[in-house]
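Student: Could you take one part of this structure and go through it closely with me? I would like to see how the pieces around it fit together.

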Amino acid sequence: MINKNRLLGKLNFYIIGIAYLIIIPVVFYNSPYILSIIINASILSCISLGVWLTFVIGRINIGQAAFVGIGGYTTAVLLTKFGISFWICLPLSGIIAALLSLILGFALLRLKGVYFAMITLTLTALMNLVFLNAIFITNGPNGIMNIKRPGALIIGSFTIIPPFGEGNYIPFYYLVAFILVICLVSIWRLYNSRIGWIFQSLRQSETLAQSIGINIVKYRIVAYTICGFLGGIGGSLFTVYIQNIFPESFKIVDSIYYMLYCFLGGLDYIFGPVVGAFLLIISFELLRSIQRYQELIYAIIMIGVMLWLPNGILSLKFYRTIKIRKEKKIGDLRQKMKKRE
Amino acid sequence: MSLLEVRNLTKYFGGLAAVNELNFEVNEEEMLALIGPNGAGKSTVFNLITSYYRPSKGTIIFRGKNITNLKTHQIARLGIVRTFQKTNVFMDMSVSQNINVAHHLQCRARDWEYFFLSSRAQKEEKAFTESINKILKYVGLLSYKDEKAKNLPHGLLRLLEIAIALAVNPKLLLLDEPFTGMNPNETSRVIKAVKNIREEGIAIVLVEHNMPAVMGISDRIVVMNFGNKIAEGKPIEILKNNEVIEAYLGKDIE
Amino acid sequence: MVNQIIVNGIILGSTYALIALGLTLIFGIMNVLNFAHGQMYMVGTFVMYYTYGVYGYNFFIALLVTIFVLAIIGVIFERFFFRRLLYYAKREEVSMLLAMGSALLVENSALIFFGEKRRGIKPIAEGVYNIFNAYIPVQRLIIFLMAILFIITFLVLMQNTKTGRALRALAQDKEVTYLMGVNVNRVSMIGFAAGAALAGISGAILALIFPIFSGSGTGMSIKAFTMIMIGGAGVIPGAIIGGFILGMLESVGYGLLGGSSTYLVIYFGVIVFLIFRPNGIMGKPWG
């Protein structure tokens, strides 16, 4: 029975993968509207994956919007003021955001629970103000606009990626999809490796983790740095996709949304943030007429999820199989205990 | 040279000395019991040795090396592992996963090797699987291997704690009240596990209230009261010591 | 000039202390950070706006109405949102996200009802005093006195009434309080209501000098968090100290730096401060 579930899981996985990478772009080739929805959801998924990782180590991170902003401004400034190719800006944005997470992490990660939440909230607010005031770099409240779409990626005489023409969303779609897939695979590999178990041990008992020799400071910072990196990449992608950036482009309410996506999908599942982001973004587009009330509805959804579905949607899907497994286990355990007597 | 040496160890909380100028030694392969009435400072001593607290004064020397200012995980790496007064395991993980994580210090492969699953990492993971089974068999938890820790009864959780500590491969094991809240069956299991550990040559410092268990298995005993050492010696000597009797039972026993 | 800054800081600090007290009360008794606290302040400003500004009732009656309205909101939050969670919250993050959701709910509901327009109300007193070389509008003096009055009333009630003692006990140890026969549910409800009311009162008072608009909640929430980060979460003296310190910092900042740089420096300073004193000046550690 267990093998059957695994097989079904893998099949689902391939179906979704094919749909995402082949079917959708082919079918909606000429419909930038649909493509843009998926692009939006994909970038948000990357960013939320970072937040998800900080949940794994047991922190409530309301600061991701700060790093998205940092990534975004890095790309915007380097593109417009220094004319650096986007293909360098992208990884650089991630790296700079990661570096900042690294430095801040030493100070911030000592705090836990509410204190960490509050300080990361403050960080987001602080970054908005920094972007607002650092006029000589960021243009202050006027923001940076008319950012050009990425040019071609040419190495030597090979054009690896063609230039992103105006109005053509397909290259952008594949860029974002490619990045999301890499991020997912990497985080999946990380979570299932020994390091992933270390992260989980940090959430469950930092005291115990220390006593068995785990350098909790180091691993906290690793997780937080990766989170920042993902935020930076997301910011870079958003900036070049929306083609502008302002000090308040990524603010506190965005940080909260990233967390909501994680919760909606389920904090115990790597796909959680992806499911959450796609579900909300797509349903919102379907309900276009009520977009005026988007934030209100998000608020209601947030409250609803916390009250009635705190373990997320993905926990529902597996509920049946887990229940059956659990009952089988309890039966086995009872038999074993009987044997021991 | 003794295995562990505690010199003039002092810890103030506000104006109160929880531990006051404490001096004692633990020798190789020895079983030392640290006893005393509630609030005597015994758990504080453990916290000080393993750097959960910083001492106000004094030094701690392990195998000739001054470990007073090291961090907890570094001290674990040197070979001192402790258990906790309040049950402390990774509740959402299974028993075997708990032990697996505890093999952290046995890893020779680097972190990134575990990420990419290099051949060295794979070999180590395989070796760990065998080690996990061995340890579980040792403490008698093998049949609960895949059970989630939070489903286990209290007594088995305490055994799991000891198993976790063993996986770290300690030279010195600090057990904080391992018998608390156990029924006689569970107690005898823990005593058996502890005896097995001693046969491996691991030194143990035991904090306990359960006198019969302690008397039977310890080589030496250190008695504390109000943060001070009030007696030290073999079990028989301690039983006769007036100060000890006073500390536990009070002065007027006519 | 210096005197002016100090006087402004004290006046501002007194009203901020009220906000911090409300937040810390809720955090203390329910271990939940009321993200909607700023929004409750905002509701307070609006209640004052309508009752006093639009319908022309006496200011003090409007104040009472504000207390009443916010207390009801507090009761609703505790009873229908947070009480449920305490029974089966698998992870602590759940209550925090719930609080955030409630904040967004209040803010966006207000946005829909009241729109984005900024409003103001008539002052309740004219004239300016000159004390110690600083100009203090009479109105601000009244604001200060009201704030101090409420703070003292709050402290007295917490110290001397049965409910006050129950609240303090609850903040220390929930289980023991329950075992002592205290109706924890009812006390929690009162506590949340009181916390909300405090936010509302400071909103009602500050409506006289600050602009009234639906989006004013978020900024005030962050300020409230900053106050308890500085002073320490969950402890009453910490809240008062935090409130006054932030008021003073804001006053100094606006005096010296002006505009947006003030809070940039303050937030940065708080982060640095927390590196050295993670629990604030007198805080109780989380968890």
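**A helix across a sheet in chain B**

Tutor: Helix α1 of chain B, residues 42-49, lies across β3, β6, β7 (172-176), β8 and β9 (220-225) of chain B, and runs at about 145° to β7(B). Keep in mind that this is a predicted model.

Now look at the sheet itself. The strands crossed by helix α1(B) belong to an open sheet of 6 strands in chain B, with the order β6-β7-β8-β3-β9-β10 and mixed pairing. The edge strands are β6(B), residues 80-82, and β10(B), residues 228-233, and each of them pairs on one side only. From one strand to the next, the twist averages 15°. As background, strands of a sheet pair through backbone hydrogen bonds, and they may do so in a parallel or an antiparallel way.

One pairing in this sheet can be followed residue by residue. Strand β3(B), residues 31-35, and strand β8(B), residues 203-207, run parallel and are joined by 4 bridges. Within this pair, A33(B) stands opposite L206(B) of β8(B).

Next, go to the edge strand β6(B), which pairs on one side only. In the loop between α2(B), residues 72-78, and β6(B) you will find G79(B). Is G79(B) buried or exposed? G79(B) counts as buried because 20 other C-beta atoms lie within 10 Å, and a residue needs 20 or more within that distance to be called buried. Leaving out residues up to four places away in sequence, G79(B) touches P170(B), K171(B) and L172(B). Of these contacts of G79(B), L172(B) falls within β7(B), which spans residues 172-176. On the other hand, G79(B) and N8(B) are 71 residues apart in sequence, and their C-alpha atoms are 22 Å apart in space.

N8(B) leads to another group of strands, as strand β1(B) covers residues 4-13. Strand β1(B) pairs with strand β4(B), residues 57-62, in the antiparallel sense over 5 bridges. Here the bridge partner of E5(B) is I61(B) in β4(B). Strand β4(B) also runs antiparallel to β5(B), residues 65-66, and 2 bridges join them. In this second pairing, F62(B) has K65(B) of β5(B) as its bridge partner. β4(B) and β5(B) form a hairpin with 2 residues between them, and R63(B) in the turn has a positive phi of about 50°.

Finally, step back to see what chain B touches. In the contact between chains A and B, 21 residues of chain A meet 26 residues of chain B. On the chain A side, α7 (170-192), α8 (194-204), α9 (206-211) and α15 (319-340) each supply at least two residues. The largest share comes from α8(A), with 7 residues. By type, this side of chain A divides into 8 nonpolar, 10 polar and 3 charged residues.

Chain A itself has 15 helices and 2 strands. Of its 341 residues, 49% are buried. Chain A also meets chain C: 36 residues of chain A are in contact with 38 residues of chain C. There, α5(A) gives the most to the chain A side, with 15 residues. The chain A residues that touch chain C divide into 29 nonpolar, 4 polar and 3 charged.

Note on methods: Residues numbered from 1 in each chain as written. Chains lettered and ligands numbered in written order. Predicted model: local features only at pLDDT ≥ 70, side-chain atom pairs only at ≥ 80, totals over all residues. Contact = placed C-beta atoms within 7 Å. Nonpolar A, V, L, I, M, F, W, Y, C, P; charged D, E, K, R; others polar. Pairing = 2+ DSSP bridges. Axes fitted to C-alpha atoms, helices over the stretch in contact; angles between N-to-C directions. Buried ≥ 20, exposed ≤ 12 C-beta atoms within 10 Å, placed from the backbone.
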